[in-house]
Amino acid sequence: MVAPESLSLAQARRMTLAAQGFADPAPAGVPTRRHLRRVLDRVGLIQMDSVNVLQRAHYLPLYSRLGPYPTGLLDTAAYRRPRELFEYWGHEASLVPVGLHAALRWRMAKARDDAWGGMRRIAAEQPELVAWVRDEVAAAGPLTAAEIEHDAPRETGNWGWNWSAVKRALEFLFWAGEVTAADRTPSFARRYDLPERVLPAAALDAPTPTDAQAYRTLVAVAARSLGVAAEPELRDYFRLPLAGARQAVAELVEAGELVPVTVQGWRQPAWRHVDARLPRWVRGNTLVSPFDPLVWERARTERLFGFGYRIEIYVPAAQRVHGYYVLPFLQGERFTARVDLKADRKAGVLLVPAAWREPGVDPGETAVALAAELYRLAGWLGLDAVAPPAAGDLAAPLTAALRSLTGVP
């Protein structure tokens with residue numbers, strides 16, 4: 001047996017950042033579809049979330065890697081023909097390349113066993129409702145849940161149909177792959193339609209792999225996107241079952257696509273994707289979404305960057321440590337700060353409820369880099385100004401750095 005390669009923590013960190021697209025050259029001008037595809041090839045899929053305190057989550061990973069870009073690029077790829085992405089349960093709710101449709105059919109086939117409780121119950125207890133909802137989508141889609149609920153019979157035996165039941169039925173059908181998202185309304189509600197009217201024929205006609213083949217495909221995507229990873233994060237990328245992911249890792253090692261490595265300070269066995277590259281350094285300063293694949297697996301984030309991170313949206317306000325919607329600040333190859341942000345669209349101001357520095361960083365240098373990034377982000381969001389931070393141990397130097405950029409004494 002060949003001894004595993006040995007990587008320093010810094011090498012593993014740079015490999016990860018390169019695999020995720022943070023070492024790629026910045027676009028020379030306005031980012032194009034080519035740049036979008038490059039990022040999608042790096043990250044494998046993009047997580048979605050309904051919170052809109054700053055910007056919808058799925059737009060931010062592209063910003064972190066490309067800088068200010070027209071969000072219509074992503075909208076077109078996801079919701080206009082020829083579609084390159086479709087909505088499905090990948091990591092969580094995600095935009096997934098259409099080429100992975102076949103590799104996710106195992107999840108669709110197991111909807112009655114694996115879907116969340118409310119969806120499973122509606123399928124088991126009210127199959128007539130589920131069938132009626134699908135027929136409605138087939139007859140008049142694309143439709144939102146509210147539009148279908150509006151037409152649902154109010155008195156239909158003991159079924160008790162209502163909006164929540166219709167929504168659960170739609171979500172079961174979505175999990176099962178019988179309906180998909182045609183697009184989104186301005187309020188971010190899904191408009192459902194049949195897959196054959198939405199997805200490219202080539203994606204739907206692709207042969208369905210065995211479960212083992214699908215797991216191998218998805219672990220390979222995760223490994224390429226992570227660069228260097230331990231088993232938990234390879235499995236977590238697409239939320240794969242434990243046994244299936246382990247078998248996939250073993251088969252990919254046997255095929256030479258994954259190379260066993262040891263990483264300084266890691267207890268877990270790790271693997272490097274065969275195509276992972278080691279850049280000499282990683283430049284640039286950028287904010288990273290709480291839903292970015294770089295920080296999905298929090299234990300990995302702490303092992304790799306020494307950065308303990310959690311999102312505090314669901315933490316009661318009085319118990320929050322850093323803030324409601326906190327973005328890590330990636331400065332070169334390490335996280336040097338975290339900043340709580342909110343877009344006040346009515347006033348045209350990027351609000352900074354709090355800014356915090358990480359231990360051991362130069363607060364002045366970090367504040368200058370972060371101030372420039374905040375103004376870049378504000379411009380992309382269509383905001384005219386950045387408010388001084390209201391709290392946090394980086395507030396004073398960041399306030400000074402922001403003022404220096406605007407010439408305010």
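How many bridges pair strand S11 with strand S12, and in which sense? In this predicted model, S11 and S12 (residues 334–344) pair over six bridges in the antiparallel sense. The two strands form a hairpin. Two residues lie between them. Gly 332, in the turn, has a positive phi of about 70°. Gln 331 has Arg 334 in S12 as its bridge partner.

S11 covers residues 326–331 and is mostly covered, with six of its six residues buried. Burial extends to both faces of the strand. On one side, Val 326, Pro 328 and Leu 330 are buried. On the other side, Leu 327, Phe 329 and Gln 331 are buried as well. Gln 331 thus combines a buried position with the bridge to Arg 334. S11 also pairs with strand S10 (residues 285–287). Three bridges join these strands, which run antiparallel. Within this pairing, Leu 287 stands opposite Phe 329.

An open sheet of three strands has the order S2-S4-S3. Its pairing is antiparallel. Strand S2 (46–47) and S3 are the edge strands, each pairing on one side only. Two bridges join S2 to strand S4, residues 93–97. Gln 47 stands opposite Ser 94 in S4. Helix H4 packs on this sheet and touches S2, S3 and S4. The direction of H4 makes about 75° with that of S3.

Helix packing is seen between H12 and H14. Two packed helices are described by the angle between their axes and the distance between the axes. The axes of H12 (residues 211–226) and H14 come within 8 Å. They cross at roughly 70°. Angles of 65 to 115 degrees count as roughly perpendicular, and H12 and H14 are therefore roughly perpendicular to each other. From H12, the contact involves Tyr 215, Arg 216, Val 219 and Ala 220. These meet Gly 244, Ala 245, Ala 248, Val 249, Glu 251 and Leu 252 in H14. By class, the contact has seven nonpolar, one polar and two charged residues.

Backbone geometry was examined next. Most residues other than glycine have a negative phi, and most peptide bonds are trans. Phe 188 is not a glycine, yet has a positive phi of about 80°. Phe 188 is found in the loop between strand S5 (180–184) and strand S6 (190–193). Its relative accessible area is 13%. Buried means under 20%, so Phe 188 is buried. Arg 239 also has a positive phi, of about 55°, although it is not a glycine. Arg 239 lies in the loop between helix H13 (231–236) and helix H14 (242–254). At 35% relative accessibility, Arg 239 counts as partly exposed, because this value falls between the cut-offs of 20% and 50%.

Cis peptide bonds occur at Pro 82 and at Pro 142. The bond between Arg 81 and Pro 82 has an omega of about -10°. Pro 82 lies in the loop between H4 (72–79) and strand S3 (85–89). H4 is the helix that packs on the open sheet, and S3 is one of the edge strands of that sheet. The bond between Gly 141 and Pro 142 has an omega of about 5°. Pro 142 is found in the loop between helix H8 (127–140) and helix H9 (145–151).

Technical notes
Residues are numbered from 1 along each chain as its sequence is written. This is a predicted model: local features need pLDDT of at least 70, side-chain atom pairs count only at pLDDT 80 or more; totals for chains, interfaces and linings use all residues. Side-chain values use heavy atoms; hydrogens and water are left out. Helices (H or I, at least four residues) and strands (E, at least two) are DSSP runs, numbered from the N terminus. Buried means under 20% relative accessible area, exposed over 50%, partly exposed in between (1.4 Å probe, protein chains only). Two strands pair if DSSP finds at least two bridges between them. Contact means heavy atoms within 4.5 Å. Axes are lines fitted to C-alpha atoms, for helices over the stretch in contact, and angles run from 0 to 180 degrees between N-to-C directions. Angles under 35 degrees count as roughly parallel, over 145 as roughly antiparallel, 65 to 115 as roughly perpendicular and the rest as oblique. Ala, Val, Leu, Ile, Met, Phe, Trp, Tyr, Cys and Pro count as nonpolar, Asp, Glu, Lys and Arg as charged, and the others, Gly among them, as polar.
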